[in-house]
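Trainee: I would like to go through this model piece by piece. Can we start with what is hidden and then move outward?

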Amino acid sequence: MRVFPVYAPKLIVKHARIFVSGVIWVKDLGRLEFEKGKFLLPRQSLPQVKRVIMELNELIEHQHNEAKTA
């Protein structure tokens, strides 16, 4: 488990892409799980957490598409 003391989307995405599956903890957001390089949406979570997970997954997808075209 990696702990991020602040929400830094690019660093979090980089960590998820390198390790492919695992758990991170972000201050003020809590525990976020990722599998196969994508963040999993928990069944029950705060709207803020859902927005962050959607943002992180979009960023991962954007980087993946960028790498494909390069």
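Trainee: Which residues of helix 2 are buried?

Mentor: This is a predicted model, so read each value as computed. Buried here means under 20% relative accessible area. In helix 2, the residues that count as buried are Val49, Val52, Ile53, Leu56, Asn57 and Ile60.

Trainee: Why might buried residues in a helix be spaced like that?

Mentor: An α-helix has 3.6 residues a turn, so residues three or four places apart point the same way. Val49, Val52, Ile53, Leu56, Asn57 and Ile60 are the buried set to set beside that rule.

Trainee: What covers the buried residues of helix 2?

Mentor: Look for elements with heavy atoms within 4.5 Å. The cover includes helix 1 (9–19), strand 3 (30–35) and strand 4 (38–39).

Trainee: How far does helix 2 reach from its first C-alpha to its last?

Mentor: Helix 2 runs over residues 47–69, which is 23 residues. At 1.5 Å a residue, 33 Å is expected. The model comes close to that, with a reach of 33 Å.

Trainee: Is leucine 56 buried or exposed?

Mentor: Leucine 56 lies in helix 2. Its relative accessibility is 0%. The cut-off for buried is under 20%, so leucine 56 counts as buried.

Trainee: Which residues does leucine 56 contact, leaving aside neighbours within four places in sequence?

Mentor: Sequence distance is a poor guide here. Leucine 56 and lysine 10 are 46 residues apart in sequence, yet their C-alpha atoms are 8.4 Å apart in space. The contacts of leucine 56 are Tyr7, Pro9, Ile12, Val13, Leu32 and Phe39.

Trainee: In the largest nonpolar core, which residues touch the most other members?

Mentor: In soluble globular proteins, nonpolar side chains tend to be buried together. The largest nonpolar core in this model has 15 residues. Those that touch the most other members are Ile12, Ile24, Val26, Leu32, Phe39 and Leu56.

Trainee: Which element gives the largest share of this core?

Mentor: Helix 1, strand 2, strand 3 and helix 2 each supply at least two residues of the core. The largest share is five residues, and it comes from helix 2.

Trainee: Which residues does valine 26 contact, beyond its neighbours within four places in sequence?

Mentor: Val26 is one of the core residues that touch the most other members. Its contacts beyond those neighbours are Phe4, Val6, Tyr7, Ile12 and Leu32.

Trainee: Is histidine 15 buried or exposed?

Mentor: Histidine 15 sits in helix 1. Outside its neighbours within four places in sequence, it contacts Arg2, Phe4, Ile24 and Phe34. Its relative accessibility is 11%, so histidine 15 counts as buried.

Trainee: Which residues are in contact with asparagine 57, leaving aside neighbours within four places in sequence?

Mentor: Asparagine 57 is in helix 2. At 18% relative accessibility, asparagine 57 counts as buried. Its contacts are Lys38 and Phe39.

Trainee: What does lysine 38 pair with in a salt bridge?

Mentor: Side chains of opposite charge can pair when their charged atoms come close. The lysine 38 bridge has an N to O distance of 2.7 Å. The pair links distant parts of the chain, strand 4 and helix 2, 23 residues apart. The partner is glutamate 61.

Trainee: How many salt bridges does the structure hold?

Mentor: One joins glutamate 61 and lysine 38. Another joins arginine 31 and glutamate 33, at 3.5 Å, N to O. The count for the structure is two.

Trainee: What is the phi of aspartate 28?

Mentor: Most residues other than glycine have a negative phi. Aspartate 28 has a positive one. It lies in the loop between strand 2 and strand 3, and is exposed at 66% relative accessible area. Its phi is near 75°.

Trainee: Where is lysine 36?

Mentor: Lysine 36 also has a positive phi, near 55°. At 71% relative accessibility, lysine 36 counts as exposed. Its place is the loop between strand 3 and strand 4.

Trainee: Which residues form a nonpolar patch on the surface?

Mentor: Start from tryptophan 25 in strand 2. Tryptophan 25 is partly exposed, at 34% relative accessible area. The patch has about 330 Å² of accessible area together, and its members are Met1, Val3 and Trp25.

Notes:
Residues numbered from 1 in each chain as written. Predicted model: local features only at pLDDT ≥ 70, side-chain atom pairs only at ≥ 80, totals over all residues. Heavy atoms only, no water. Helix = DSSP H or I, 4+ residues; strand = E, 2+ residues; numbered from the N terminus. Expected span 1.5 Å × (residues − 1). Buried < 20%, exposed > 50% of the residue type's maximum accessible area, 1.4 Å probe, protein only. Patch = residues over 30% accessible without salt bridge, like charges linked within 9 Å, V, L, I, M, F, W, Y side chains within 5 Å. Areas by Shrake-Rupley, 256 points an atom, 1.4 Å probe, with all protein chains shown as cover. Salt bridge = Lys/Arg side-chain N within 4 Å of Asp/Glu carboxyl O. Core = buried A, V, L, I, M, F, W, Y, C linked by side-chain atoms within 4.5 Å.
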